[in-house]
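Colleague: Can you walk me through some of the helix and strand packing here? Short answers are fine.

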Amino acid sequence: MPLEPFGQSAALTFGVELELQLVNLSDYDLTAASPDLLHLLNKKPFPGNVTPEITESMIEINSSVHTHHGPLLEQLQEIRDTLITAGDKLNIGIAGGGTHPFQQWSSQKIFSKPRFQEISELYGYLAKQFTIFGQHVHIGCASGDDAMFLLHSLNRYIPHFIALSASSPYVQGRDTLFDSARLNSVFAFPMSGRAPFTLSWDQFSNEYFAKMENTGIIKSMKDFYWDIRPKPEFGTIELRVCDTPLTVERAAALAAYLQALCRYLLERKEVPPVEDDYLVYNYNRFQACRFGLDGAITHPKTYETMSLREDIMTTLRKMEPHAEALGSTPALKHLSDVAKQWSDAQYLRKQRNVQGSAEGMVDSAIRCFRGEPMNY
């Protein structure tokens with residue numbers, strides 16, 4: 001079946017998806033509570049959308065389409081409060097974070113939905129290991145060509161979003177020494193990585209996608225787990241590298257940063273993207289996953305090695321006029337404070353030491369999601 005035409009979407013509109021942890025408040029492990037939670041939530045109007053995820057200890061929430069940071073943040077806070085109220089009734093904790101620190105993948109239950117069952121049958125244990133939690137951000141594009149231009153122009157900034165959102169230092173009870181270990185689970189899937197290089201939607205759709213469909217390997221864009229992928233049914237591109245932050249405030253700030261970057265890139269004042277930009281892509285992504293804000297990346301055009309933290313700070317300052325025009329100055333201020341201070345991964349490591357246990361660290365994450373002050 002040919003790929004559908006690229007849909008109409010207002011440029012620079014945006015929306016957020018967040019995958020969230022469902023926690024047993026007795027032992028702070030994950031709990032297979034999504035069927036009960038979704039049943040309860042379906043009894044009343046929900047301020048956005050909430051859906052199951054691949055295992056029953058996860059849910060996904062979706063915002064509406066927005067044009068400005070403020071209304072997006074307000075909706076995410078309303079969604080959070082609605083979830084907390086429902087979770088309290090079921091004695092379920094709800095938390096952000098890219099991984100749960102000590103859950104065992106073999107204990108997870110695949111949600112009873114045909115697509116999830118198909119994924120489980122195809123990928124085996126990888127499906128349960130996909131009990132990880134990410135933030136996805138959609139950006140509206142005026143055309144398919146704009147979508148492909150932005151998709152490849154953003155490759156330079158992917159490490160920013162990995163480092164600023166990193167919140168998955170622990171896996172299966174161990175400190176991985178990565179700030180974002182979640183992405184290692186994504187990389188295990190054969191259709192992960194990055195999109196093929198083309199700046200033409202027609203070429204992508206009629207040549208690359210058509211050939212891939214003919215192989216029988218893929219059926220739709222959902223079968224690609226790329227870091228950024230086009231979503232023609234929505235008229236968007238979807239950034240997929242972020243861990244779910246500990247707070248909805250950070251989630252909204254990350255979305256606003258992406259919106260400002262896209263506004264800047266669409267002015268086309270930078271040298272256009274080329275295939276060779278990807279020579280340093282995997283290494284830069286590794287640096288951001290492994291070391292977070294303390295990583296060192298290589299510029300894809302000049303091959304200059306630079307501090308990731310300093311590159312983020314420089315870019316945030318460069319985006320200030322765009323943030324002002326979009327009404328998202330507070331969002332960039334939030335991320336500037338993150339870059340100067342603590343990432344969520346660093347915060348979780350500190351809480352592990354302060355609380356004296358992984359269970360205490362999970363409790364801290366639950367409190368963060370509820371909007372309680374982060375105790376640095």
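Modeller: This is a predicted model. One place to begin is helix H6, which passes helix H10 in a right-handed crossing.

Colleague: Which residues of H6 and H10 make the contact?

Modeller: H6 contributes Ile158, Pro159, Ile162 and Ala163. From H10 come Tyr281, Asn284, Arg285, Ala288 and Cys289.

Colleague: How do people describe a pair like that?

Modeller: Two packed helices are described by the angle between their axes and the distance between those axes. For H6 (residues 158-165) and H10 (residues 281-291), the axes come within 8 Å and cross at roughly 15°.

Colleague: Are H6 and H10 roughly parallel or oblique to each other?

Modeller: Roughly parallel. Angles under 35 degrees count as roughly parallel, and the crossing of H6 and H10 is at roughly 15°.

Colleague: Switching to H1. Which residues of H1 are buried?

Modeller: In H1, residues 34-41, the buried ones are Ser34, Leu37, Leu38 and Leu41. Seen down the axis of H1, the buried residues fall within an arc of 95°, so they line one face of the helix.

Colleague: And which residues are exposed on the other side of H1?

Modeller: Asp36 and His39 are exposed there.

Colleague: What do the buried residues of H1 pack against?

Modeller: Four strands and a helix are involved: strands S1 (14-24), S2 (49-52), S3 (58-62) and S4 (92-95), along with helix H2 (69-90).

Colleague: Take H2, then. At what angle do the axes of H1 and H2 cross?

Modeller: At roughly 120°, with the axes coming within 10 Å. H1 and H2 are therefore oblique to each other. H1 passes H2 in a right-handed crossing.

Colleague: Which residues meet between H1 and H2?

Modeller: On the H1 side, Asp36, Leu37, Leu40 and Leu41. They meet Thr82, Leu83, Ala86, Gly87, Lys89 and Leu90 in H2. Of the H1 residues just named, Leu37 and Leu41 are buried, while Asp36 is exposed.

Colleague: New topic, strand S10. Which way do the residues of S10 point?

Modeller: In a regular strand the side chains alternate between the two faces of the sheet. In S10 (residues 228-231), Ile228 and Pro230 point one way, and Arg229 and Lys231 the other way.

Colleague: Are those S10 residues buried or exposed?

Modeller: All are buried, Arg229 and Lys231 included.

Colleague: What does S10 pair with?

Modeller: Strand S11, residues 236-243, in the antiparallel sense over four bridges. Lys231 of S10 stands opposite Thr236 in S11.

Colleague: How many residues sit between the strands in that hairpin?

Modeller: Four, and in this hairpin Gly235 takes a positive phi near 70°.

Terms used: Residues numbered from 1 in each chain as written. Predicted model: local features only at pLDDT ≥ 70, side-chain atom pairs only at ≥ 80, totals over all residues. Heavy atoms only, no water. Buried < 20%, exposed > 50% of the residue type's maximum accessible area, 1.4 Å probe, protein only. Helix = DSSP H or I, 4+ residues; strand = E, 2+ residues; numbered from the N terminus. Arc of directions from axis to C-beta. Contact = heavy atoms within 4.5 Å. Pairing = 2+ DSSP bridges. Axes fitted to C-alpha atoms, helices over the stretch in contact; angles between N-to-C directions. Parallel < 35°, antiparallel > 145°, perpendicular 65-115°, else oblique. Left-handed = near helix turned anticlockwise from the far one by under 90°.
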